[in-house]
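Biologist: I have a model open and want to learn how to read it. Can we go through some features one at a time?

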Amino acid sequence: MTLARAIIGAVLLCAGLAVFCISMIGIYRFRYVLNRMHASALCDTLGTLLVFSGLCVLFGFSWATAKLVFILAFMWLTGPVATHRIAKVEVLTDEYVQEECEVE
């Protein structure tokens, strides 16, 4: 592994971890569950992309990289759907949802 590849991979990993830390701050800052889900879902996609990109750079072109790309695609396809479903259940079951946010 070359030094440049190691530095680029480390920078991407650190950037992804920084995005996850910012997401955690947003989760603890907000009080309502839908606000928390919004903060975590937005940062989850970018953080996952940065971390997996850093790992792909560190591993180089190999089967491990192909597996990481497939895992990233799976997470990007299922994450927003799961978040939407959980939010919809929260809106349908919480009788005080009108007090916290505007729902049409």
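Modeller: Gladly. Keep in mind that this is a predicted model. Start with serine 23, which is buried, because its relative accessible area is 7% and buried means under 20%.

Biologist: Where does serine 23 lie, and which residues does serine 23 touch, not counting residues up to four places away in sequence?

Modeller: Serine 23 lies in helix H1, residues 3-29. Leaving out residues up to four places away in sequence, serine 23 touches Ala39, Ser40 and Cys43.

Biologist: Cysteines catch my eye. How many disulfides are there?

Modeller: First the general idea. A disulfide is a covalent bond between the sulfur atoms of two cysteines. To count as one here, the two sulfur atoms must lie within 2.5 Å. By this rule the count is zero. Cysteine 14 is in no disulfide, and the nearest cysteine sulfur, in cysteine 21, is 10 Å away.

Biologist: Why is cysteine 43 without a bond to cysteine 21?

Modeller: Because the distance is too far: the sulfur of cysteine 43 is 11 Å from that of cysteine 21, the closest cysteine sulfur.

Biologist: Is cysteine 14 buried or exposed?

Modeller: Cysteine 14 counts as exposed, because its relative accessibility is 52% and the cut-off for exposed is over 50%.

Biologist: Now the inside. Which residues make up the largest nonpolar core?

Modeller: A core is a set of buried residues joined through side-chain atoms. The largest one here has five residues: Val51, Phe52, Cys56, Leu68 and Leu72. Helices H2 (33-59) and H3 each supply at least two of them. H2 gives the most, with three residues.

Biologist: Pick one core residue. What does phenylalanine 52 touch, not counting residues up to four places away in sequence?

Modeller: With that exclusion, phenylalanine 52 touches Leu68, Ile71, Leu72 and Met75. Leu68 and Leu72 belong to the largest core too. Ile71 and Met75 turn up in a nonpolar surface patch.

Biologist: Which residues make that patch?

Modeller: Ile71, Phe74, Met75 and Trp76 make the patch, about 400 Å² of nonpolar surface. Isoleucine 71 lies in helix H3, residues 63-93. Isoleucine 71 counts as partly exposed, because its relative accessibility is 40%.

Biologist: What about alanine 66?

Modeller: Alanine 66 is found in helix H3. Alanine 66 counts as partly exposed, at 25% relative accessibility.

Biologist: How do I read a distance along the chain against one in space?

Modeller: Compare C-alpha atoms. Alanine 66 and glutamate 100 are 34 residues apart along the chain, and their C-alpha atoms are separated by 43 Å.

Key. Residues numbered from 1 in each chain as written. Predicted model: local features only at pLDDT ≥ 70, side-chain atom pairs only at ≥ 80, totals over all residues. Heavy atoms only, no water. Patch = residues over 30% accessible without salt bridge, like charges linked within 9 Å, V, L, I, M, F, W, Y side chains within 5 Å. Areas by Shrake-Rupley, 256 points an atom, 1.4 Å probe, with all protein chains shown as cover. Salt bridge = Lys/Arg side-chain N within 4 Å of Asp/Glu carboxyl O. Helix = DSSP H or I, 4+ residues; strand = E, 2+ residues; numbered from the N terminus. Buried < 20%, exposed > 50% of the residue type's maximum accessible area, 1.4 Å probe, protein only. Core = buried A, V, L, I, M, F, W, Y, C linked by side-chain atoms within 4.5 Å. Contact = heavy atoms within 4.5 Å.
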